[in-house]
Amino acid sequence: VFRPFGGMILAKNLEKITDEKLASPHMLSAVHVKNNVLEQVGALTHIDGTIRLQIIDDTSSLCGKILEKFEELSGSIILLNTSFNAKGEPIVETEAQAIKCAKNIGLDYIVVGERLLKTDNL
């Protein structure tokens, strides 16, 4: 079963990963990864040297803040991003579905809106 992964990256860091122009908040297409960063993003890179990316323009958004803090702490400019669902299940669309799925797949925490939820307290 094909279950694609993608990366989430701030728009300001896109040129560090690829020379191609991409400006989508959705992972709708793939771009070629620069050779000098292939090893750094290996888990996200397809066999043909491409990567699906979600571009985050707004650094004041929750995702933007997470990416900035992650870069500050780790030095990495990209985070794994994929759909939220369990194998064989539809993609999560509601808070109740998110909580149920998180518990079923063993996640300790989930972020819903601006709230960090510990799943064993739900």
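Is Arg115 buried, exposed or partly exposed in this predicted model? Arg115 counts as partly exposed, at 40% relative accessibility, and the close-up views described below, all taken from the predicted model, begin with the salt bridge that this residue makes.

**Figure 1. Arg115 and Glu95 form a salt bridge.** The closest N and O atoms of Arg115 and Glu95 are 2.8 Å apart. The pair links distant parts of the chain, since Arg115 belongs to strand 6 (residues 115-118) while Glu95 belongs to helix 3, and the two residues are 20 apart in sequence. Glu95, with a relative accessible area of 35%, is partly exposed, and Arg115 is likewise classed as partly exposed, at 40%.

**Figure 2. The side chains of Glu68 and Lys12 meet in a salt bridge.** In this view the N to O distance is 3.5 Å. Glu68 lies in helix 2, whereas Lys12 lies in the loop between strand 1 (6-10) and helix 1 (14-17), so the pair ties together parts that are 56 residues apart in sequence. Glu68 counts as partly exposed, at 30% relative accessibility, while Lys12 counts as exposed, at 52%.

**Figure 3. A salt bridge joins Glu72 and Lys69 within helix 2.** The side chains of Glu72 and Lys69 meet with an N to O distance of 3.1 Å. Because these two residues are three apart in helix 2, about one helical turn separates them. Glu72 is exposed, its relative accessible area being 57%, and Lys69 is partly exposed, with a value of 43%. A search of the whole structure finds five salt bridges, among them the pair shown here.

**Figure 4. Cys63 and Cys101 are not joined by a disulfide.** The structure as a whole holds zero disulfides. For Cys63, the nearest cysteine sulfur is that of Cys101, 18 Å away. Seen from Cys101, the closest cysteine sulfur is in Cys63, and the distance of 18 Å is too far for a bond, given that a disulfide requires two cysteine sulfur atoms within 2.5 Å. The surroundings of each residue can also be described by accessibility: Cys63 counts as partly exposed, at 32% relative accessibility, whereas Cys101 counts as buried, at 9%.

**Figure 5. The largest pocket has a volume of about 960 Å³.** This pocket is lined by 25 residues, of which Leu80, Asn81, Thr82, Phe84 and Val111 are the closest to its centre. Two or more lining residues come from each of strand 3 (50-56), helix 2 (62-74), strand 4 (78-81), helix 3 (95-105) and strand 5 (109-112). Strand 5 gives the largest share of the lining, namely four residues. By class, the lining of the largest pocket divides into 17 nonpolar, six polar and two charged residues.

**Figure 6. The second largest pocket has a volume of about 200 Å³.** The residues that line the second largest pocket are Ala86, Glu89, Pro90, Ile91, Val92, Gln97, Lys100, Cys101 and Asn104. Five of the lining residues are nonpolar, two are polar and two are charged. Cys101, which appears in this lining, is the residue described in Figure 4 as buried, at 9% relative accessibility.

Notes
Residues numbered from 1 in each chain as written. Predicted model: local features only at pLDDT ≥ 70, side-chain atom pairs only at ≥ 80, totals over all residues. Heavy atoms only, no water. Buried < 20%, exposed > 50% of the residue type's maximum accessible area, 1.4 Å probe, protein only. 1 Å grid on protein atoms, 1.4 Å probe; cavity = no way out; pocket = protein on both sides within 12 Å on 5 of 7 lines; lining within 4 Å. Points joined across faces, edges and corners; volume = space filled by probe spheres on them. Nonpolar A, V, L, I, M, F, W, Y, C, P; charged D, E, K, R; others polar. Salt bridge = Lys/Arg side-chain N within 4 Å of Asp/Glu carboxyl O.
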